[in-house]
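Let's take a walk through this fold, starting from its pocket and working outwards to the sheets. Keep the viewer open as you read.

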Amino acid sequence: MTVLITRPAPKGDALASALAEQGIASLVQPLLTIAPGSGLPQLGDQLAALQEGDCVIAVSTHAVKMAHTYLTEQHIPWPTGVHYLAVGQQTADVFAQACGQSVSAPQREDSEGLLALPELAQPAQHNVLILRGNGGRELIFETLVERQASVSYCETYARHWLALKGDTLYPEWQQQGVDTLVVTSGQQLAYLVRLMPVQARDWLYGCRLLVPSERIETEARDIGFRHVTMVGSASNAALLTALSTTGITG
């Protein structure tokens, strides 16, 4: 087995190192880089407008780290008296360390799981601030609006897609025996598919694909992937466990 890891640094490199310790070959090819988001200058005002019982949601560790770096540089504290939520436990741990308060996360680490948390069951008349990248997580926004919350975004980080040449990459990946793919977001999956020339699609769809959520699993199967494993988390620990277990099938 040779694993193609598409997640950006530093997590992609960390997963490759962990796999190497277990004797599993891998290639790291990030599809994007992460940079500070255009919404950061408004973050202080957005946080200051929150009242007791309002919510702040972080969709990823990138969202937390970029926000916290900015707030620290501007000497702006995280507010107290609000609910802090995260899509996954890894993000919750990073968020709790940043804001110094407890952070709730669902067992099902996706948008649907987050929306099932008790803090979001009756958000009417409350403000909800979602820390995210440039796009994504519209289901959270739309569902909370339907529940009569006042919802806003802050784009704390931005994804910049790398200008890659799929017709050059895929023969190299085939030559090196890539048969397993790690893709941790729907946007990355769509970009990977767009990169591949038509003649590479059958090979691509025949690889085993590891994804973090049921939603991305469904998207992958709809695209044409035949062997999809839903890991249940985007953390390197969960991915490593799945990749280290023999006989996993989609």
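The lining of the largest pocket divides into 11 nonpolar, 18 polar and 9 charged residues. Here Ala, Val, Leu, Ile, Met, Phe, Trp, Tyr, Cys and Pro count as nonpolar, Asp, Glu, Lys and Arg as charged, and the others, Gly among them, as polar. One caveat up front: this is a predicted model, where local features need pLDDT of at least 70 and side-chain atom pairs count only at pLDDT 80 or more, while totals for chains, interfaces and linings use all residues. Residues are numbered from 1 along each chain as its sequence is written, and side-chain values use heavy atoms, with hydrogens and water left out.

**The pocket**

The largest pocket has a volume of about 690 Å³. A pocket, on a 1 Å grid over the protein atoms alone, is an open set of points where a 1.4 Å probe fits, with protein on both sides within 12 Å along at least five of seven lines; lining residues have an atom within 4 Å of a point. Points are joined across faces, edges and corners, and the volume is the space filled by probe spheres set on them. Of the 38 lining residues, Val59, Ser60, Arg137, Thr184 and Ser185 are the closest to the pocket's centre.

Among the elements that give two or more residues to this lining are β3 (32-36), α3 (61-73), α4 (89-99) and α6 (138-146). The largest share, 3 residues, comes from α8. These labels are DSSP runs numbered from the N terminus: helices are H or I with at least four residues, strands are E with at least two.

**Two open sheets**

One open sheet has 5 strands in the order β6-β5-β4-β7-β8, with parallel pairing. Its edge strands, β6 (103-104) and β8 (150-155), each pair on one side only. Helix α6 packs on this sheet and touches β4, β7 (127-132) and β8, and its direction makes about 160° with that of β8. Contact means heavy atoms within 4.5 Å, and axes are lines fitted to C-alpha atoms (for helices, over the stretch in contact), with angles from 0 to 180 degrees between N-to-C directions.

Another open sheet of 5 strands runs β2-β1-β10-β11-β12, again with parallel pairing. Here β2 (25-28) and β12 are the edge strands, each pairing on one side only. Neighbouring strands in this sheet are turned by 25° against each other on average, direction ignored.

Strands pair if DSSP finds at least two bridges between them. Four such parallel pairs are listed here:

| Strand pair | Bridges | Example partners |
|---|---|---|
| β4 (55-58) and β5 (83-86) | 4 bridges | Val56 and Tyr84 |
| β7 and β8 | 6 bridges | Asn127 and Ser150 |
| β1 (2-5) and β10 (178-182) | 4 bridges | Ile5 and Val182 |
| β11 (208-211) and β12 (227-230) | 4 bridges | Leu210 and Thr229 |

**Crossovers**

Which way does the chain turn in the unit made by β11, α10 and β12? This β-α-β unit is right-handed: with the strands pointing away from the viewer, the path from the first strand over the helix to the second runs clockwise. The crossover from β7 through α6 to β8 is right-handed too.

**Backbone oddities**

Two loops deserve a look before you run anything on the backbone. Ala9 and Pro10 are joined by a cis peptide bond, with omega about 0°, and Pro10 is found in the loop between β1 and α1 (11-21). His75 has a positive phi of about 55° although it is not a glycine; this residue lies in the loop between α3 and β5.
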